[in-house]
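Hi,

Here is the structure I promised to pass on. Have a look at it first, and then read my notes underneath.

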Amino acid sequence: MSETLQTADVVISDAELLDQTEIAVRAAGAALRERFGEVVRYESREELMGALAANDDTALDILRPCLTVLRPNARWVEDELDGGALPPGEWWVVDPAEGNVNHLHALPEWAVTATLVRENRPVLTVVHLPLSGETYTALAGAGAHLDGRALHVSATADLALGIVATSQARPDENEEVVRRVGSSITAMLFDALVVRTAVPATLHLANVAAGRIDAFWQFAGARADLLPGALLVTEAGGRISDAEGRPWTPQSDSFLAAAPGIHTQAVATLSH
């Protein structure tokens, strides 16, 4: 629920905070866009990690001071691959280069995200796609929007007519999760119209919120992957659960976001 809180000596509502967060995220996206274009070559894991960190640092150098001014008492999630519940209070969950590997490979599927979490509930989120200029926003209790236009999940009521998507949970995933991902894709290939597999998760979830695709699922996963999209989908009228239909929390070992008309069918497919 939206609140009015104190920032420094200025009273600022969550709606105003969302607007200011969007400005910061857009600025970070512009900096990353300037670095985009040529494929970045690397020949070792160390070189890859260095290139990823350079992108992250470029965006964080803008995001951290801006968002800290807005919420000086909010803490930061330092590792974007972390999962699980957060300690009490306010936290910035930021992915400075969501889809960072895509950026390095001159692929267009990447974004900058910032989500404010209060007492383990996402309050607001901004997902900005610098190449297209699209900005998705959501405010708890106030809806989800794309560049100011209200978003609504699809009205699809038959999984056999639906487009669904999934992505890798994280690098170096354990064998059990990898096999679970593979079997779930096979099951969806039988039951859904089209199955899309790509990273990052956040962009799939933005498409669910916009009604472009009908469901997204993932096993394991990180807060920075799922919280922005979870708020977008919820505020756009979608259903969030784990893959077995139980309430989802950041501690869950699976995640499902779907249009209400096919949520039960998607759970049945993923639970086989």
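**What I found**

In helix α5, the buried residues are A201, T202, L203, H204, L205, A206, N207, V208 and A209. That is nine of the nine residues in α5, so the helix is mostly covered. Before you go further, keep in mind that this is a predicted model.

What does α5 lie across? On one side of the story there is a set of strands made up of β10 (163-166), β11, β12 and β14, and α5 runs at about 150° to β12. Helix α5 also lies across β4, β5, β6 and β7 (134-139), where its direction makes about 100° with β6. Just after the helix, G211 has a positive phi of about 80°.

**The five-stranded sheet**

β10, β11, β12 and β14 belong to an open sheet of five strands, ordered β11-β10-β12-β14-β13, and the pairing is mixed. Its edge strands, each pairing on one side only, are β11 (194-197) and β13 (239-241). On average, neighbouring strands here are turned by 15° against each other, ignoring direction.

If you want one strand pair to zoom in on, try β12 (residues 215-219) and β14 (residues 254-258): they run antiparallel and are joined by five bridges. Within that pair, W217 has L256 of β14 as its bridge partner. Helix α7 (residues 263-270) packs on this sheet too, where it touches β12, β13 and β14, and its direction makes about 150° with that of β14.

**Two helices against each other**

α7 also has a helix partner. Helix α4 (residues 175-191) packs with α7 at an angle of about 130°, and the two axes are 9 Å apart. Oblique counts as neither roughly parallel (under 35 degrees), roughly antiparallel (over 145) nor roughly perpendicular (65 to 115), and α4 and α7 are therefore oblique to each other. The crossing in which α4 passes α7 is right-handed. Which residues make the contact? From α4 they are S184, A187, M188 and D191, and from α7 they are A266, T269 and L270. By type, the residues of this α4 and α7 contact split into four nonpolar, two polar and one charged.

**The seven-stranded sheet**

The other strands that α5 lies across, β4, β5, β6 and β7, sit in an open sheet of seven strands with mixed pairing, in the order β3-β4-β5-β6-β7-β8-β9. Here the edge strands are β3 (75-76) and β9 (149-150), and each of them pairs on one side only. Strands β5 (residues 111-118) and β6 (residues 121-129) pair in the antiparallel sense, with seven bridges between them. One of the residues to look at is V112, whose bridge partner in β6 is H128.

This sheet also has helix α2 lying across β3, β4 (90-98) and β5, running at about 150° to β4.

**A residue in α2**

Last stop: N55, which is in helix α2 (residues 45-70). Is N55 buried or exposed? Its relative accessible area is 1%, and buried means under 20%, so N55 is buried. If you leave aside its neighbours within four places in sequence, N55 is in contact with L32, R35, A97, N100, H103 and L104. Of these, A97 lies within the stretch given for β4 (90-98).

Cheers

How values were computed:
Residues are numbered from 1 along each chain as its sequence is written. This is a predicted model: local features need pLDDT of at least 70, side-chain atom pairs count only at pLDDT 80 or more; totals for chains, interfaces and linings use all residues. Side-chain values use heavy atoms; hydrogens and water are left out. Two strands pair if DSSP finds at least two bridges between them. Helices (H or I, at least four residues) and strands (E, at least two) are DSSP runs, numbered from the N terminus. Axes are lines fitted to C-alpha atoms, for helices over the stretch in contact, and angles run from 0 to 180 degrees between N-to-C directions. Contact means heavy atoms within 4.5 Å. Buried means under 20% relative accessible area, exposed over 50%, partly exposed in between (1.4 Å probe, protein chains only). A crossing is left-handed if the near helix is turned anticlockwise from the far one by less than a right angle, and right-handed if clockwise. Ala, Val, Leu, Ile, Met, Phe, Trp, Tyr, Cys and Pro count as nonpolar, Asp, Glu, Lys and Arg as charged, and the others, Gly among them, as polar.
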